[in-house]
Each structure stands twice: as C-alpha cells, then as structure tokens.
Amino acid sequence: MSSESNTLYGAIEKDQEERKRLDEGYLFLKKYIRNDRVIYDEAAILPDDAAVLDVATGAGSWILDLAQIVPPSVSIYGVDISTTYFPAIRSSKYQNITLSVHSCTSLPEEWTNKFDLVNQSLLIACLTGNDWIADIRELYRVAKPGGYVQLFESTNAGWDCPLESANGKARALFTALYGKYSLLIDDVGGKISRVLADTGFVDICQHTGTYPVNSNIDENGKHGADLSVSWMRQLQPSIMRNSGFGIVKSDEDFNNLMEELRQEWDSGVPYKNFVMVWGRKPLQ
C-alpha cells in the first residue's frame, strides 16, 4: 500500500473495541448484503481439495465462517498487514486455517495460480486508485485459472443530500478526506469492476445492497446506525489532522455532526449502501 493510504489507515484505533466492531459488522452486513451467504457467487463450487484466500482478514470473521461450511480438506489462508486482530485458531476444527502477514499489493510469489477462491473486504479507506490496480493484479496472479474472486466494499451510492443537512456535510467531509488520500469515493463498484476487467477477470457482476440505519425501524436499524457512526469515528483523527477540511472545526463539531446524522437517519434516511463485486479468472 502507498504511504498515503497507510497514513489514513493508521488512524484507526487497533483495540478490542475495534475487533468487536469488525466481528459484529461482518455478521450484520452478511445478513443484509450477502443474503446470509459466505460465498456470494452461486456458480463458485469449491472442490474438496480447494485452497481459499481471505485478503485483509482482520478479525478472521469470514474465514471462521467459511470453515463451518467446507470440509477440513479445504485449505484456508488469511492475510493482513498486522496480526493485531487475528483470531485464536487453536481448536482442532481450525487446523486447515493459516494466518500470515502480507500486503494485498505484494502476496507471496509461490502463491501464483494457487487459489480456487479469493475473498477481500472493506479496503476502501486503505487503497489509493493505484493501490487498487496493484491489489487486483495480485488477486489475479494468485487465483487459479478458473478460480473466483469476490470483493465487498462500502459505497456512497444514494448518499445525495442537501449540503446544509448533516448528511450533506458528512458526504462533503468524507469526499474531501478520500480525495486527500486519493481513495475511491464515487461509483466504487463500477471502478472496481473496470479494474477487474482490465486485469483479465471475466464474468464480472456487481450487486449494490442496503442496510438499515434508522433506529425507529427496529433493532437492526439501530445496529446499522451504530456500526456506521463507529466506522466514521475511526477516521476522525485523520479528519482533524486536516483541520476538518473547513467543515468541522473541532472534535466537538465532529461529535455534534455524528449526533445530527443519527437524528436525520431516524427521521427519514432509512438505508445506507454496500456493494459486492465478483468475477472469475479465465481458464488458460
């Protein structure tokens, strides 16, 4: 990853609360975006001797979930740039899981053409446009001919609100932040799909889903709002290092904006968006 993207990612607090947020976020978004599926593409059938890679595995939520539905003969690898959130896998039922430290833009050479399925999630605040090209080239290299790739990301689709509203201010704030670090902000699914196609992947599909953030709908809406605000707060240090981009002037201003956001969500902004993109490396 570039130094710019690492600067932004480095602002995220690496503590047990963040581990809990990652685990809860995975289960919640799996329900609303993945239709409770671990492998999104129904055409992706894994052989009993398959090898699977999870990039940016974090707390390992996806690989632990996958391990419950595949035979123990399937080899599961998880990589991240830090061991901070790696799960404990001492149990005998996880003997087929291997965790290691690697950047998504520089995976081991010996993994070329190794994996039947590659999963990657939530790197939108970590990769610049050039990083995405390097990342997807690596995913292509390590996928087997005929192997599958699936990517799961946040998107600002549908986040179009008057500038004077809290949602409008938040969008302007995060647009400025992502622009500062050359991160993707608009048409995330489309841009990732184009890079996949340019790299050589075929049968590329994308699906934008929603999850609730209106606490008045039900408990799920409150949970969605909690997760969304929690994620935004992780980027607060980077925002304030840039003087709030002239939109918020202090930590107090930022905190007030988060409260106003929740009030607007509860009064009429019921959903936020995520996107799934998947494809296949052609047979060679």
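Two strands are counted as paired if DSSP finds at least two bridges between them. In this predicted model, strand 4 and strand 5 meet that criterion, with 6 bridges joining them. Strand 4 covers residues 115-121, and strand 5 covers residues 143-155. The two strands run parallel. Within this pair, Leu 117 of strand 4 stands opposite Tyr 148 of strand 5. The connection between them passes through helix 4 (residues 129-142). This β-α-β crossover is right-handed.

Strand 4 also pairs with strand 1 (residues 51-55). The sense is again parallel, over 4 bridges. Here Val 52 stands opposite Leu 117. Leu 117 thus appears in both pairings, facing Val 52 and Tyr 148. Burial was assessed for strand 4 as a whole. Of its 7 residues, 7 are buried, so the strand is largely enclosed by the rest of the structure. Buried here means under 20% relative accessible area.

Ser 75 lies in strand 2, which spans residues 75-80. Its relative accessibility is 28%. Ser 75 therefore counts as partly exposed, because that class lies between the buried limit of 20% and the exposed limit of 50%. Leaving aside residues up to four places away in sequence, Ser 75 touches Ala 50, Ala 51, Val 52 and Asn 96. One of these contacts, Val 52, is the residue that stands opposite Leu 117 in strand 4. Another, Asn 96, is 21 residues from Ser 75 along the chain. The C-alpha atoms of Ser 75 and Asn 96 are separated by 5.2 Å.

Note on methods
Residues numbered from 1 in each chain as written. Predicted model: local features only at pLDDT ≥ 70, side-chain atom pairs only at ≥ 80, totals over all residues. Heavy atoms only, no water. Buried < 20%, exposed > 50% of the residue type's maximum accessible area, 1.4 Å probe, protein only. Contact = heavy atoms within 4.5 Å. Right-handed = clockwise from strand over helix to strand, strands pointing away.
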